[in-house]
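Welcome! Have a look at the model below, and keep it open while you read.

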Amino acid sequence: MAKVRHSRLQARKWSTVTLVLSMLFMLSVVLLMLLGLGVFFLPINDDDSAPNDLTSYRRMASERGKGLGKRGEQWTEVLSWEPRAFIYHNFLSKEECEYLINLAKPHMVKSTVVDSKTGKSKDSRVRTSSGMFLRRGQDKIIKDIEKRIADYSFIPVEHGEGLQVLHYEVGQKYDAHFDYFLDEFNTKNGGQRMATMLMYLSDVEEGGETIFPAAKGNISSVPWWNELSECGKQGLAVKPKMGDALLFWSMRPDATLDPSSLHGLLPSFSLSYFIFSCGSRMIKLALHSRLKKI
Ligand SMILES: *[C@@H]1O[C@H](CO)[C@@H](O)[C@H](O)[C@H]1NC(C)=O
């Protein structure tokens, strides 16, 4: 008698298990059918942007360092592959540009160039601007910007030179030159300069373009061709726009010097403007200067 009850209990348990299993099976079939009919989709990716869309990366990079003020829509543009040059639109906010100008204004001194024989700075007629250097990581805002440059250029912050604020009055210019060093003094002292980032702190009505006279490719295919000054049409030119940044490489990916990175700053015919520039070196400069102090 007890045995019968036991087996009946077991049978009931088994039927419950079968019922649950068959329900799960039916549910799977229904889900598969719905998937097949395209009624709903499996959430493969939360981000519905196309695979080659960089929006999510850009969001990550820009959210890390909030910076000062609100920046407009940020997007990048390949300017040229020879030299390797890229434009970052709205790299700095208007507030950051104004902050940098006000910070630098009282300390402007006449710009110098590097003497290719001695490696020392010297006065020159090829560069008629004035400028000042900021210390690396001088304050929170500068630190934020340095981090942003590192994020966008993929060169660690420790390789960055101090930022420099430049001021060009009407007619002032910087003749075509290379940013890499040809002297031993500077090459040893921190290594060769790999890349430079120019940040435009103000708009210029006419002229004042950054120009690459040795760039390869069709220079008249840039969308802003008709806005360029006559001089600007002599090479691949970028018109300064407040907040935009131009990153260009003085070295090729195989670490040879790239002569197509020859560039100059044309005189402007209207407003004076500021450029905030920064180079990145082969050797960690932060470590270098720390070692020197010891
Ligand atoms: C250069 O680009 C411009 C504008 O896109 C075009 O009209 C012109 O034909 C191009 N020139 C050459 C040599 O490809």
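The points that follow cover a helix, a pair of strands and a loop residue. Please keep in mind that this is a predicted model.

**Helix H4**
- Helix H4 takes in residues 140-153, which makes 14 residues.
- At 1.5 Å a residue, H4 should span 20 Å, and its end C-alpha atoms are indeed 20 Å apart, so the expected and the computed values agree.
- Which residues of H4 are buried? They are Ile 145, Glu 146, Arg 148, Ile 149 and Ser 153.
- These buried residues cover an arc of only 155 degrees around the axis, which means that they sit on the same side of H4.
- Just after H4 comes Phe 154, and its phi is positive, near 60 degrees.

**Strands E1 and E2**
- Strand E1 (residues 76-81) and strand E2 (residues 84-88) run antiparallel and are joined by 5 bridges.
- Together E1 and E2 make a hairpin, with 2 residues between them.
- To find a facing pair, look for Val 78, which stands opposite Phe 86 in E2.
- As a general rule, side chains in a regular strand alternate between the two faces of the sheet.

**Glu 169 in its loop**
- Where is Glu 169? You will find Glu 169 in the loop that lies between strand E7 (164-168) and strand E8 (174-177).
- Glu 169 counts as partly exposed because it has 13 C-beta neighbours inside 10 Å, while a buried residue would need 20 or more and an exposed one 12 or fewer.
- Glu 169 and Ser 130 are 39 residues apart along the chain, and their C-alpha atoms are separated by 8.7 Å.

Definitions and conventions: Residues numbered from 1 in each chain as written. Predicted model: local features only at pLDDT ≥ 70, side-chain atom pairs only at ≥ 80, totals over all residues. Helix = DSSP H or I, 4+ residues; strand = E, 2+ residues; numbered from the N terminus. Expected span 1.5 Å × (residues − 1). Arc of directions from axis to C-beta. Pairing = 2+ DSSP bridges.
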